[in-house]
Amino acid sequence: MGVMCGVFAVSAESRTDAGELTLQGLRRLEYRGYDSWGFAVRGSDGPATITKDVGKISEADIAFPSSGEVISHSRWATHGGVTQANAHPHRVGRVTLVHNGICENYAALKQAFPGHEYVSETDTEVIARVIDHYLGQGMGPVAAIRQAVEQIEGRYAVVCFIDGQAGIYAARRGSPLIIGRNETETYIASDIPAFLTETNVVNYLDDDEMVHIVGGKAEYFNLTTGASVQKRDIAVQWQYEQAEKGDFAHFMIKEITEQKDTLKAAIDHTDTELNRAVNLLRECNGAYFIACGTAHKAAMVAEYFFAEVSRRKVNIVAASEMKYFQQFVNDRTAMIAVSQSGETADTLEELQKAQTKGAKILSLTNVVSSSMARMSDVHLPINAGPEQAVASTKAATAQMALLLLLAYAESGRTNEGRELLHTVAGNVNDMINPRYEEHIAEIAKSIVERENLFIIGRGALAPMAYEAAIKIQEVSYIHAQGFAAGELKHGPIALITDGVPVIVLGDDLETISNATELKARGAHLIGVSAQRDDIFDEWIRVPDCGTAQCIASIIPVQILSYHLAVLRGVDPDKPRNLAKSVTVK
Ligand code: AGP
């Protein structure tokens, strides 16, 4: 059924190696989904040849025929098995199609458009069927696609070939599609790194728009009216090398290491840019920060930052829970979205609901072209550069750094915030080095066989304990749980038995006293703090960063998670069941 995946298509009239080019580009989108993959390669005549299989695209060995036009797809299944039949592209009649998103009414559409024997369990095949139906009625490709996608309920990005029609067609609502172009070639991709080796000139396809590409030409249409749409060429700043692993074994460790620089980049905003965000916050009388997963844990520290620095109480809500609080949102509410991708469906949908009620939208995202960034009244980029590993690391610390700066800006002390964060960036730069990593790798060896692991922290370190658990769970599959340090004695302490590892974030008196209670029950304590306390069995030093302690403290845990994953034989960039950008609900 629904998928949230990587899509990459190439139309390059004068090239014969579009297959290989697409393969390389699709591999750079693998973080979006890696259950199965597929290609449709167009020869000089006849229908496109489809090659698809289960498994990771990075491990696929494919011999492509010579071609200048290819559509490709890397899948993350939500329902429906990971099978060759369910892999994209899907072909019905004249239409060969890939899809990212979810067609919620696929069953009803199947009934409404009978006469085709379905070979997959997906919600995608029916989209190809409906387009083919309208082509069969004599409609042209643009009209047939418009007519078909109008009937899809849910979010989608579809890309297709139509037999007998030159070029590639694509349409979007809610799932990203970006067009890259040079003089003779055009690309359609779910994310820019797919084609960054070829061009950095892009057009963004907006919701309810479609595009037809042939060679170096792209024509855009509004899906509702059919009217032609003009697009502005935008030169993106990301460099191709930024999206490559280089000498690192995995993207995760590369991105962890990049935090030497990304913290500085995150706060690289002028007073004018920050003041636009501050004015939005000040003009509203309620503020909801919404986000998912790691971004949510990063947003949770904002509650502490705003309380401590600007004495303001803000609300932090997991986006998937926000619907229960939408009743309090009105035209005086500030909605602040925190997201690496800017495409996460749970967050996006709540923003859209709030926007229709007149709420003001501020977003902090890494992907500047994202749906969230573009719908916002004010957008602040977190400037972390492409993050490819499924586990978010540098984006999370960049989000926290920018949130802290925002709290300082709101209290009228922007420069004080900048100074603090520059010091923190310098400290982190000194902290991340090979010896530091080796020390943490040794600790990883000592706990790698453990089935359970706990993390505690207090204040802004409590959300970091939750985040530490996410990091360890998602890449090492060890059962890890984070707790506010003071909460332990109210129940979870029953889980502590001899030798159970507990990571203690912080060295303040109360946290140490909680850690002592655990030690008395046999816990093996791993301190992550500025000062070593005698009760720690092992200790990982982090520099003293004051209000920003949470930012520095999560980094050693990221490194620990990475080494636990490697020791347990898990590919940390592509852990099971996950995908980077969760564009389905
Ligand atoms: C992070 O390690 C996770 N893989 C995940 O929790 C992620 O942070 C979440 O899905 C939100 O994504 P976003 O930042 O792109 O909105």
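This passage describes the ligand site and the two largest pockets of a predicted model.

The ligand occupies the largest pocket. Its surroundings were examined first. The shell around the ligand holds 14 residues. Among these 14, the nearest are S339, Q340, S341, T344 and E474. Two of these five residues also make polar contacts through their side chains. In T344, a polar side-chain atom lies 2.4 Å from an oxygen atom of the ligand. In E474, a polar side-chain atom likewise lies 2.4 Å from a ligand oxygen. V390 takes part through its backbone. There, an N or O atom of the backbone lies 3.0 Å from a nitrogen atom of the ligand. The ligand taken alone exposes 410 Å². The protein buries 91% of that area.

The shell was then sorted by element and by class. Helix 8 (293-310) and helix 14 (461-476) each give two or more residues to the shell. Helix 8 gives the most, with three residues. By class, seven shell residues are polar, five are nonpolar and two are charged.

The largest pocket itself was considered next. About 480 Å³ of space lies within this pocket. A total of 25 residues line the largest pocket. Closest to the centre of the pocket are C292, G293, T294, K580 and V582. Three elements each supply at least two lining residues: helix 8, strand 18 (333-339) and helix 14. Helix 14 gives the most to this lining, with four residues. In the shell around the ligand, by contrast, helix 8 gives the most. The lining of the largest pocket has 11 polar, 10 nonpolar and four charged residues.

The second largest pocket holds about 340 Å³ of space. Its lining is made up of 17 residues. Of these, R458, A460, L461, G546 and Q549 are the closest to the centre. Helix 8 and helix 16 (549-567) each supply at least two residues of the lining. Here helix 8 gives the most, with three residues. Nonpolar and polar residues number six each in this lining, and five residues are charged.

Helix 8 thus recurs across the sites. This helix supplies residues to the shell around the ligand, to the lining of the largest pocket and to the lining of the second largest pocket.

Notes: Residues are numbered from 1 along each chain as its sequence is written. This is a predicted model: local features need pLDDT of at least 70, side-chain atom pairs count only at pLDDT 80 or more; totals for chains, interfaces and linings use all residues. Side-chain values use heavy atoms; hydrogens and water are left out. A residue is near a molecule or strand if one of its heavy atoms lies within 4 Å of it. A polar contact is a pair of N or O atoms within 3.5 Å; within protein, one must be able to donate a hydrogen and the other to accept it, and residues adjacent in sequence count only if both atoms are side-chain atoms. Accessible areas come from the Shrake-Rupley method with a 1.4 Å probe; for residues, only the protein chains shown count as cover. On a 1 Å grid over the protein atoms alone, a cavity is a set of points where a 1.4 Å probe fits but cannot get out, and a pocket is an open set with protein on both sides within 12 Å along at least five of seven lines; lining residues have an atom within 4 Å of a point. A molecule sits in a cavity or pocket if more than half of its atoms lie within 2 Å of its grid points. Ala, Val, Leu, Ile, Met, Phe, Trp, Tyr, Cys and Pro count as nonpolar, Asp, Glu, Lys and Arg as charged, and the others, Gly among them, as polar. Grid points are joined across faces, edges and corners, and a volume is the space filled by probe spheres set on the points.
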